[in-house]
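Open the model in your viewer and keep the selection panel at hand. The stops below go from strand to strand and end at the ligand.

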Amino acid sequence: MRPKVIAGNWKMHHGPSATRRFFSRFFSEFSPRFEGAEPTILIFPPAISLPAAAESRGGRPEIGLGIQNIHWESKGALTGEHSASMALAAGARFALVGHSERRHVFGETDAQVELKVAAAIRESLTPVVCVGETLDERRGGQVEEVIVRQLDAALLGVPEGAKKPILVAYEPVWAIGTGETATTDDVAEAHGILRRRLTEVRSDGFAQGVAILYGGSVKPGNAADLLAVADVDGVLVGAASLDPESFARIAESG
Ligand code: PGA
């Protein structure tokens, strides 16, 4: 059985001082267990807070840090961007790729997602690939078409024989930051589609190694139910990850 992964995406919240305060309160609320070779609690602070997060986390391997977005180039005249190798040097081991806000607010395309996945893996960051349909796409019966297309594009960036598996997060766009959560049936269906597609495109062994997280209005009151759904290997939490007590309650559900 894959250990459950509890990930917090802070988005544009918590600068370095707030990051230090978060960790000291989080550790007074929750003692993470280390269940294997990979961390099971992941935090994605703003890039500028990664060094503060790395320092606050200290030597606890059970907490993994990640960057919320990378550029696919390793360096260059790209004002405002960060490369995978810079994220690694600042303490990140994971990278969110294709988050719905990147896709819908910043116009990120499937082709860019492929390049970012490839760049992350090249620099030894584990990509957490986000996929999910909009409300119109759901109403139009296009859930499978959309999430399979987004997953396929991301998989093009994963070289055959890549050492560490990627993670995938199913985040229906209409459930992000809205208080709306997908029903457990909707979640089971989407996660089943993604797992089958991973098997079809790669292999059963590959598919079994990929943790598929659910994201979209996860909070302490619904985390346990979502984590109990078939093929849900974890959660990606936005708003409710900003508060150390609420994130600790969600982590306890894992
Ligand atoms: P939310 O965000 O939990 O605030 O809905 C989830 C996400 O965007 O990853």
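A residue counts as buried here if its relative accessible area is under 20%. The model is predicted.

**Stop 1: strand 1.** Select residues 5–9, which form strand 1. This strand is mostly covered, with 5 of its 5 residues buried. In a regular strand, side chains alternate between the two faces of the sheet. Colour V5, A7 and N9 for one side and I6 and G8 for the other; every one of these residues is buried, so both faces of strand 1 are covered under the cut-off for buried residues.

**Stop 2: the neighbours of strand 1.** Which strands pair with strand 1? Add residues 234–237, strand 8, which pairs with strand 1 in the parallel sense over 4 bridges. Strand 2 also pairs with strand 1, in the parallel sense and over 4 bridges. A7 is a useful residue to centre on: L236 of strand 8 stands opposite A7, and L42 in strand 2 is the bridge partner of A7.

**Stop 3: from strand 2 to strand 3.** Select residues 41–44 for strand 2; the pairing with strand 3 is parallel and has 3 bridges. L42 turns up again, with G64 of strand 3 as its bridge partner. Now show helix 2, residues 50–57: together with strands 2 and 3 this helix makes a right-handed β-α-β unit.

**Stop 4: strand 3 itself.** Residues 63–67 make up strand 3, and 5 of the 5 are buried. I63, L65 and I67 point one way, while G64 and G66 point the other way.

**Stop 5: on to strand 4.** Add residues 94–97, strand 4, which pairs with strand 3 in the parallel sense over 2 bridges. Here the bridge partner of G66 is F94. Helix 3, residues 84–89, joins strands 3 and 4 in another β-α-β unit, which is right-handed.

**Stop 6: the ligand.** Which residues come nearest to the ligand? Of the 14 residues around it, these are K11, H99, E171, G177 and S217. Three distances can be checked with the viewer's distance tool:

- K11: an N or O atom of the side chain is 2.7 Å from a ligand oxygen atom.
- E171: a polar side-chain atom lies 2.7 Å from an oxygen atom of the ligand.
- S217: a polar backbone atom is 2.8 Å from an oxygen atom of the ligand.

On its own the ligand has 280 Å² of accessible area, and the protein covers 97% of that. Colour the shell by class to see 6 nonpolar, 6 polar and 2 charged residues.

Key:
Residues numbered from 1 in each chain as written. Predicted model: local features only at pLDDT ≥ 70, side-chain atom pairs only at ≥ 80, totals over all residues. Heavy atoms only, no water. Near = heavy atom within 4 Å. Polar contact = N/O pair within 3.5 Å; in protein donor to acceptor, adjacent residues only side chain to side chain. Areas by Shrake-Rupley, 256 points an atom, 1.4 Å probe, with all protein chains shown as cover. Nonpolar A, V, L, I, M, F, W, Y, C, P; charged D, E, K, R; others polar. Buried < 20%, exposed > 50% of the residue type's maximum accessible area, 1.4 Å probe, protein only. Pairing = 2+ DSSP bridges. Right-handed = clockwise from strand over helix to strand, strands pointing away.
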